[in-house]
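Me: I have just opened this one and would like a slow walk through it. Could you help me find my way around?

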Amino acid sequence: MQKNKNVVELIDITLSFQHRNVLADLSVHFESGKVTALLGKSGSGKSTLLQLINGMIIPDRGKVKIFDTFFDYQQATKLRLQIGYVVQNVGLFPHLTISKNISLLGQISKQSAKSMNERTHFLMDTVGLSHDYLDKYPHQLSGGEQQRVGLCRALFLKPPLLLMDEPFASLDYSTRTGIYNYFKILQETEPCSVIIVTHQFDEAEILADNFVWLENGKIKAQGNKSDFSSIKTDYLAAL
Ligand code: ADP
Ligand code: MG
């Protein structure tokens, strides 16, 4: 069986909040196995688009296709186990240890303690987090370390699709560039399809194969690695 070229397809999506169109007749697809940067200034609809993909928001009109199947909202919880989600402010549980935070979805899917430990250790090693952190709590870690914990948690069940909403925006420049390397190592070790929201052009250039540029809920431009340079000047001027 031929694998579908696209991991996500949005078809003629229209969505309004309080009678205001946020997305209008939007059609866009995201390639399987690639990292796609979702670019655009604040308010352009990037986070809304991610939430449409994981079924947190249902469109007024149009269809969401994921893993080559129309999104089945009855099965949303189950489907979401196959969609990793990383958000800006991490969302780690403050009262849970790092090990419990990382293995949360393993516990929910009733994995054995042994396999959860192995997976937790593997992920922490891959993103360069010391095992000394296993029994610590989120507040005892730096922002960059917490963000890596968030990444480990999102990838725990090896989701074929990872959604990231400005995951590194709150980190300083040197911490961010360090995490880019871990992200790339993870992508080489366990490749998956990634959609990463960012408004930072350099981040998109470093991490992504493809880009989609949203403006006022519409696609302003999209392309692959070789097309980044063609939008750079316009993009930076528009921000
Ligand atoms: P971005 O992530 O690109 O900054 P969002 O997707 O968060 O943009 O928001 C797109 C637009 O939709 C904005 O104008 C925002 O104010 C509006 N919006 C987002 N969520 C809601 C909501 N729950 N209720 C009303 N308006 C919303
Ligand atoms: Mg947003």
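Reply: What follows goes through the pocket, the nonpolar cores, one loop residue and the cysteines, and please keep in mind that this is a predicted model.

Me: ok, pocket to start with. What volume does the largest pocket have?

Reply: The volume of the largest pocket comes to about 390 Å³. Its lining consists of 14 residues, and those closest to the centre are Arg80, Leu81, Ile83, Tyr85 and Leu105.

Me: and which elements give two or more residues to that lining?

Reply: Three helices and one strand do so, namely helix H2 (76-80), helix H4 (104-108) and helix H6 (143-154), together with strand S6 (83-87).

Me: How many of the lining residues are nonpolar, polar or charged?

Reply: Sorted by class, the lining of the largest pocket holds nine nonpolar residues, three polar ones and two charged ones.

Me: Switching to the inside: which residues touch the most other members in the largest nonpolar core?

Reply: That core has 42 residues, and the ones touching the most other members are Leu39, Ile102, Leu162, Met164, Phe168, Val194 and Ile196. As a general point, nonpolar side chains tend to be buried together in soluble globular proteins.

Me: What does Ile196 touch, then?

Reply: If residues up to four places away in sequence are not counted, Ile196 touches Val35, Thr36, Ala37 and Leu38, and also Met164, Pro167, Phe168, Glu203 and Leu207. Apart from the largest core there is another one, of 28 residues, which includes Ile57, Ala76, Ile83 and Leu214.

Me: New topic, Gln200. Where does it lie?

Reply: Gln200 is found in the loop that runs between strand S8 (193-197) and helix H8 (201-207). With its neighbours within four places in sequence left aside, Gln200 is in contact with Leu39 and Arg176.

Me: Why does Gln200 count as partly exposed?

Reply: Gln200 has a relative accessible area of 25%, and this puts Gln200 in the partly exposed class because that class lies between the 20% limit for buried and the 50% limit for exposed.

Me: Last thing, how many disulfides does a search of the whole structure find?

Reply: The search finds zero disulfides. Cys152 is in none, and the cysteine sulfur nearest to it, that of Cys192, is 13 Å away.

Me: Are those two cysteines, Cys152 and Cys192, buried or exposed?

Reply: Cys152 is buried, with a relative accessible area of 1%, and Cys192 counts as buried as well, at 5% relative accessibility. The cut-off behind this is that buried means under 20% relative accessible area.

Conventions
Residues are numbered from 1 along each chain as its sequence is written. Chains are lettered from A and ligands numbered from 1 in the order in which they are written. This is a predicted model: local features need pLDDT of at least 70, side-chain atom pairs count only at pLDDT 80 or more; totals for chains, interfaces and linings use all residues. Side-chain values use heavy atoms; hydrogens and water are left out. On a 1 Å grid over the protein atoms alone, a cavity is a set of points where a 1.4 Å probe fits but cannot get out, and a pocket is an open set with protein on both sides within 12 Å along at least five of seven lines; lining residues have an atom within 4 Å of a point. Grid points are joined across faces, edges and corners, and a volume is the space filled by probe spheres set on the points. Helices (H or I, at least four residues) and strands (E, at least two) are DSSP runs, numbered from the N terminus. Ala, Val, Leu, Ile, Met, Phe, Trp, Tyr, Cys and Pro count as nonpolar, Asp, Glu, Lys and Arg as charged, and the others, Gly among them, as polar. A nonpolar core is a set of buried Ala, Val, Leu, Ile, Met, Phe, Trp, Tyr and Cys residues joined through side-chain atoms within 4.5 Å. Buried means under 20% relative accessible area, exposed over 50%, partly exposed in between (1.4 Å probe, protein chains only). Contact means heavy atoms within 4.5 Å. A disulfide is a pair of cysteine sulfur atoms within 2.5 Å.
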